[in-house]
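Visitor: I would like to go through this protein one question at a time. Please begin with the terms.

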Amino acid sequence: MRPNACMATIKVLGSGAFQIRVVNKLLPKPFYATFDTREQAVAFSDHLTSLLAQGIVPATLAQDKGVARTPWTVQRCIAEYLRSESVPVSDEKLLETVRSRVADINTNDLYYDWADAWVRGMKQVDNLSPSTIGHRHGALARCLDWVCRRHPQILPATPPTAPEAWLRDIYQGRRKACRGQWGQSEDRRRTRPASG
């Protein structure tokens, strides 16, 4: 096995859940995690193996037991991202808009349910279009992805805090489920009959 070579297996447990087992020389012992669906297990396994192949060990796997993560607010995540990275002006404006809505959210509170409620609120409460929701969630997802990579002690890139992946999944799922509610204009543009 090469130094960063990784082996991941998925098996179905008696309960119907899917368990992954990841073995890598960077990990002190094999890593196990259980998921409700095969898709979740495959997505997490692929993400973890790609990180390990790059020589990155997520903080939650590397840190000692009992050591608590240092939480930041999402506002601080945004501020650090804007200060440290060369971000397009469009993303800066989007993050400033998002900052007021999620400023007091703590990184320890970033779970799937929070992301789902945030996307649902943008549609149902704010009545935003799918493209606006996509732009906002994309800007925040890029910011949180940067935090995962640069500050794993703040926001490790493992469940339940892998925000970019679930924001993308939630948005795509909502978009498909609500396509009738948002209108069919996008579908019509894509499926125009060829003239001739």
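Guide: Helices and strands here are DSSP runs, of at least four residues for a helix and at least two for a strand, and they are numbered from the N terminus.

Visitor: Which pattern does the protein follow, read along the sequence?

Guide: This is a predicted model. Its secondary structure comes to nine helices and three strands. Read along the sequence, the pattern is β-β-β-α-α-α-α-α-α-α-α-α.

Visitor: What share of the residues score a pLDDT of at least 70?

Guide: pLDDT is the predictor's confidence in each residue, from 0 to 100. It stays under 50 over residues 158–162 and over residues 177–192. In the model, residues 177–192 have 13 contacts beyond four places in sequence. The protein averages a pLDDT of 76, and the share of residues that score at least 70 is 71%.

Visitor: In what order do the strands of the sheet lie?

Guide: β1 and β2 pair in the antiparallel sense over seven bridges. β2 and β3 pair in the antiparallel sense over five bridges. The edge strands of this open sheet, β1 and β3, each pair on one side only. The order is β1-β2-β3.

Visitor: Which residue in the turn between β1 and β2 has a positive phi?

Guide: β1 covers residues 6–12, and β2 covers residues 18–24. The two form a hairpin with five residues between them. In the turn, a positive phi of about 95 degrees belongs to Gly 16.

Visitor: Which residue in β3 is the bridge partner of Val 22?

Guide: A hairpin of six residues joins β2 to β3. One of the bridges between these strands puts Gln 19 opposite Thr 34 in β3. For Val 22, the partner in β3 is Phe 31.

Visitor: Which side chains of β3 are buried?

Guide: The side chains alternate along β3, which spans residues 31–35. Tyr 32 and Thr 34 point to one face and are not buried. Pointing to the other face, and buried, are Phe 31, Ala 33 and Phe 35.

Visitor: How many of the seven residues of β2 are buried?

Guide: A residue counts as buried under 20% relative accessible area. Helix α1 (residues 38–53) lies across β1, β2 and β3, running at about 10 degrees to β2. β2 is largely enclosed by the rest of the structure, because the number of its seven residues that are buried is five.

Visitor: How many aromatic pairs does a search of the whole structure find, and what kind is the one between Phe 35 and Phe 44?

Guide: The search finds four aromatic pairs. In the pair of Phe 35 and Phe 44, the ring centres are 5.3 Å apart and the planes meet at 40 degrees. Planes under 30 degrees apart would count as stacked and over 60 as edge-to-face. At 40 degrees, therefore, the pair is tilted.

Visitor: Which residue forms one aromatic cluster with Phe 35 and Phe 44?

Guide: Phe 35 is buried, with a relative accessible area of 12%. Phe 44 is buried as well, at 7%. The cluster has one further member, Phe 31.

Visitor: How many residues apart are Tyr 81 and Trp 146?

Guide: The rings of Tyr 81 and Trp 146 have their centres 5.7 Å apart and their planes at 55 degrees, so this pair is tilted. It links distant parts of the chain, with Tyr 81 in helix α3 (residues 74–84) and Trp 146 in helix α6, and the separation is 65 residues.

Visitor: Is Trp 146 buried or exposed?

Guide: Its ring partner Tyr 81 has a relative accessible area of 9% and is buried. The cut-off for buried is under 20%. With a relative accessible area of 3%, Trp 146 is therefore buried.

Visitor: Is Asn 127 buried or exposed?

Guide: Asn 127 is found in the loop between α5 (112–124) and α6 (130–150). Most residues other than glycine have a negative phi. Asn 127 is not a glycine, yet has a positive phi of about 55 degrees. Its relative accessibility is 58%, so Asn 127 counts as exposed.

Visitor: What share of the 196 residues count as buried?

Guide: The protein exposes about 11,400 Å², and carbon and sulfur atoms supply 50% of that area. Of the 196 residues, the share that count as buried is 38%.

Terms used: Residues are numbered from 1 along each chain as its sequence is written. This is a predicted model: local features need pLDDT of at least 70, side-chain atom pairs count only at pLDDT 80 or more; totals for chains, interfaces and linings use all residues. Side-chain values use heavy atoms; hydrogens and water are left out. Buried means under 20% relative accessible area, exposed over 50%, partly exposed in between (1.4 Å probe, protein chains only). Two strands pair if DSSP finds at least two bridges between them. Contact means heavy atoms within 4.5 Å. Accessible areas come from the Shrake-Rupley method with a 1.4 Å probe; for residues, only the protein chains shown count as cover. Rings of Phe, Tyr and Trp (its six-membered ring) pair if their centres lie within 6.5 Å; planes under 30 degrees apart count as stacked, over 60 as edge-to-face and the rest as tilted. Axes are lines fitted to C-alpha atoms, for helices over the stretch in contact, and angles run from 0 to 180 degrees between N-to-C directions.
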